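Reader: I would like to go through the assignments in this entry and hear the grounds for each.
Author: Here is the entry; ask as you go.

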Amino acid sequence: MCMVSDAAAISANDLGAVQAALRKFIPDIEVLDAACHDWCTDQFSKGGWMVHRPGHMTGAAPQIRRPHGRIYFAGSDIATLTLGSIEGNSPPPTPSIFKIKK
Ligand SMILES: Cc1cc2nc3c(=O)[nH]c(=O)nc-3n(C[C@H](O)[C@H](O)[C@H](O)COP(=O)(O)OP(=O)(O)OC[C@H]3O[C@@H](n4cnc5c(N)ncnc54)[C@H](O)[C@@H]3O)c2cc1C
């Protein structure tokens, strides 16, 4: 599986281009078929997973994690570990969850 940030950079229908790109990593690879999906134009996802800019994880994310009164923010986008993934939305990487009182 490969991911590109610019969908216009390569077409999965152009097997020659896909093979040329992959041969930079695996020189003798032979591409027989390829398929792709543009998550940015997908009506349900409207984009991919969260990717922080340099500095956000150490600067902005800790600020967002702080509770504001009784309002707590949690979730994969601001997790301390495995952010931007399904694992990131589970409690351990989001310490604020433990501070919420019933
Ligand atoms: C295309 C794509 C592919 C991905 N592939 C992978 C993968 O292969 N592996 C992996 O680990 N992760 C993957 N991820 C990332 C993963 O899906 C997310 O990081 C994870 O689902 C985030 O979980 P979450 O609970 O923090 O947030 P979400 O799952 O986004 O949940 C937030 C919820 O809040 C709801 N909501 C929003 N606003 C409001 C509101 N105002 N009031 C009430 N509800 C609201 C939303 O409808 C949503 O249900 C992918 C993500 C995308 C988009």
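Reader: Leaving aside its neighbours within four places in sequence, which residues is Met50 in contact with?
Author: This is a predicted model, in which local features need pLDDT of at least 70, side-chain atom pairs count only at pLDDT 80 or more, and totals for chains, interfaces and linings use all residues. Numbering starts from 1 along each chain as its sequence is written. Beyond that sequence window, Met50 is in contact with Ser76, Asp77, Leu83 and Gly84. Two residues are in contact if their C-beta atoms, placed from the backbone, lie within 7 Å. Between Met50 and Ser76 the C-alpha to C-alpha distance is 8.0 Å, with their positions 26 residues apart in sequence.

Reader: Why is Met50 called partly exposed?
Author: A residue is buried if 20 or more other C-beta atoms lie within 10 Å of its own, exposed if 12 or fewer, and partly exposed in between; the C-beta atoms are placed from the backbone. Met50 has 16 other C-beta atoms within 10 Å, so it is partly exposed.

Reader: What makes Lys46 exposed?
Author: Lys46 has 9 other C-beta atoms within 10 Å, and therefore counts as exposed. Lys46 is in the loop between helix 1 (15-22) and helix 2 (60-65). Helices (H or I, at least four residues) and strands (E, at least two) are DSSP runs, numbered from the N terminus.

Reader: What is notable about phi of Lys46?
Author: Phi of Lys46 is near 50°, a positive value in a residue other than glycine. Most residues other than glycine have a negative phi. Thr82 is not a glycine either, and has a positive phi of about 45°. Thr82 lies in the loop between helix 2 and helix 3 (96-99).

Reader: Why does Thr82 count as partly exposed?
Author: Thr82 has 14 C-beta neighbours inside 10 Å, so it counts as partly exposed. Gly48, in the loop between helix 1 and helix 2, is also partly exposed because it has 13 such neighbours inside 10 Å.

Reader: How many helices and strands does the protein chain have?
Author: The protein chain has 3 helices and 0 strands, in the pattern α-α-α along the sequence. Buried residues make up 5% of its 102 residues.

Reader: Which element has the lowest mean pLDDT, and which the highest?
Author: Helix 3 has the lowest mean pLDDT (60) and helix 1 the highest (95). pLDDT is the predictor's confidence in each residue, from 0 to 100. The protein chain averages 84, and 86% of the residues score at least 70.
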